[in-house]
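Here is a short walk through one protein model. Keep the sequence and the 3D view side by side as you read.

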Amino acid sequence: MKSENDCTEERQEAELKGLQDEDEEEEEEGWGGEMLRRRISSHPLYGLLVETHLNCLKETYCFALSKLKEAMEESQLKSMAFINRMHWQLRELTTTGAAATAKKPTTSSSNDKN
């Protein structure tokens, strides 16, 4: 009859041998590359994983584009506000200048009256 220690040692040896056998099988099958890709791509949830990943990328891309659009619109609004202020100031200068010229008496007309 075997003691508990003997059974434990045999179990550990069997587990170790099983792990070694698995490692050897993986190396023989080329597990590191193509075989792993095949196993992953043939998994029933692989399509869902890819779809979810692509949706996440799309959302990230759309978020980045919306932030870029906001930054561009803000810059454009500031530029338009500046241009509108300059246009208003130029209009004020030309209107004020034209009104002052119209009100200002000419020296030649005052000499004609004398």
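Begin with the charged side chains. Side chains of opposite charge can pair when their charged atoms come close. How many salt bridges does the count come to? It comes to 5 salt bridges. Bear in mind that this is a predicted model.

Go first to helix α2, which spans residues 31-41. Find E34 there. The side chain of E34 meets that of R37 in a salt bridge, with 3.4 Å from N to O. The two residues sit 3 apart in helix α2, so about one helical turn separates R37 and E34. Now look from E34 to R38. These side chains also meet in a salt bridge, at 3.8 Å from N to O. Here the spacing in helix α2 is 4 residues, so E34 and R38 are again separated by about one helical turn.

How open are these residues? R37 has a relative accessible area of 53%, over the 50% cut-off, so R37 counts as exposed. R38 has 51%, so R38 is exposed too. E34 has 43%, which lies between 20% and 50%, so E34 is partly exposed.

Move on to helix α3, which covers residues 46-103. Another salt bridge is found here, between the side chains of E73 and K69, at 3.9 Å from N to O. Both residues lie in helix α3, 4 residues apart, about one turn of the helix. K69 counts as exposed, at 51% relative accessibility. E73 is partly exposed, with a relative accessible area of 38%. Which residues do shared partners join into one network? They are E34, R37 and R38, linked by salt bridges that share partners.

Turn now from charged to nonpolar side chains. L36, I40, Y46, L49, V50, L54 and L57 make a nonpolar surface patch of about 580 Å². Two elements, α2 and α3, give two or more residues to this patch. Which of them gives the most? Helix α3 does, with 5 residues. Pick out Y46 as an example. Y46 is placed in helix α3. Its relative accessible area is 32%. Patch residues need over 30%, so Y46 passes that cut-off. The value also falls between 20% and 50%, so Y46 is partly exposed.

Stay with helix α3 and find T94. A polar atom of the T94 side chain lies 3.0 Å from the backbone oxygen of R91. Is T94 buried or exposed? At 53% relative accessibility, T94 counts as exposed.

Next, the cysteines. A disulfide is a covalent bond between the sulfur atoms of two cysteines. How many disulfides does the count come to here? The count comes to 0 disulfides. Look at C56 and C62. C56 is partly exposed, with a relative accessible area of 44%. C62 is partly exposed as well, at 49%.

Step back to the whole chain. The protein chain has 4 helices and 0 strands. Read along the sequence, the pattern is α-α-α-α. The chain has 114 residues, and 0% of them count as buried. About 10900 Å² of the chain is exposed. Carbon and sulfur atoms supply 58% of that area.

Last comes the confidence of the prediction. The protein chain averages a pLDDT of 78. Of its residues, 59% score at least 70. Which element has the lowest mean pLDDT, and which the highest? Helix α4, residues 107-113, has the lowest, with a mean of 53. Helix α3 has the highest, with a mean of 91. Helix α3 is also the element that gives the most to the nonpolar patch, and it holds the E73 and K69 pair.

Key
Residues numbered from 1 in each chain as written. Predicted model: local features only at pLDDT ≥ 70, side-chain atom pairs only at ≥ 80, totals over all residues. Heavy atoms only, no water. Patch = residues over 30% accessible without salt bridge, like charges linked within 9 Å, V, L, I, M, F, W, Y side chains within 5 Å. Areas by Shrake-Rupley, 256 points an atom, 1.4 Å probe, with all protein chains shown as cover. Salt bridge = Lys/Arg side-chain N within 4 Å of Asp/Glu carboxyl O. Buried < 20%, exposed > 50% of the residue type's maximum accessible area, 1.4 Å probe, protein only. Disulfide = S-S within 2.5 Å. Polar contact = N/O pair within 3.5 Å; in protein donor to acceptor, adjacent residues only side chain to side chain. pLDDT = per-residue confidence, 0-100.
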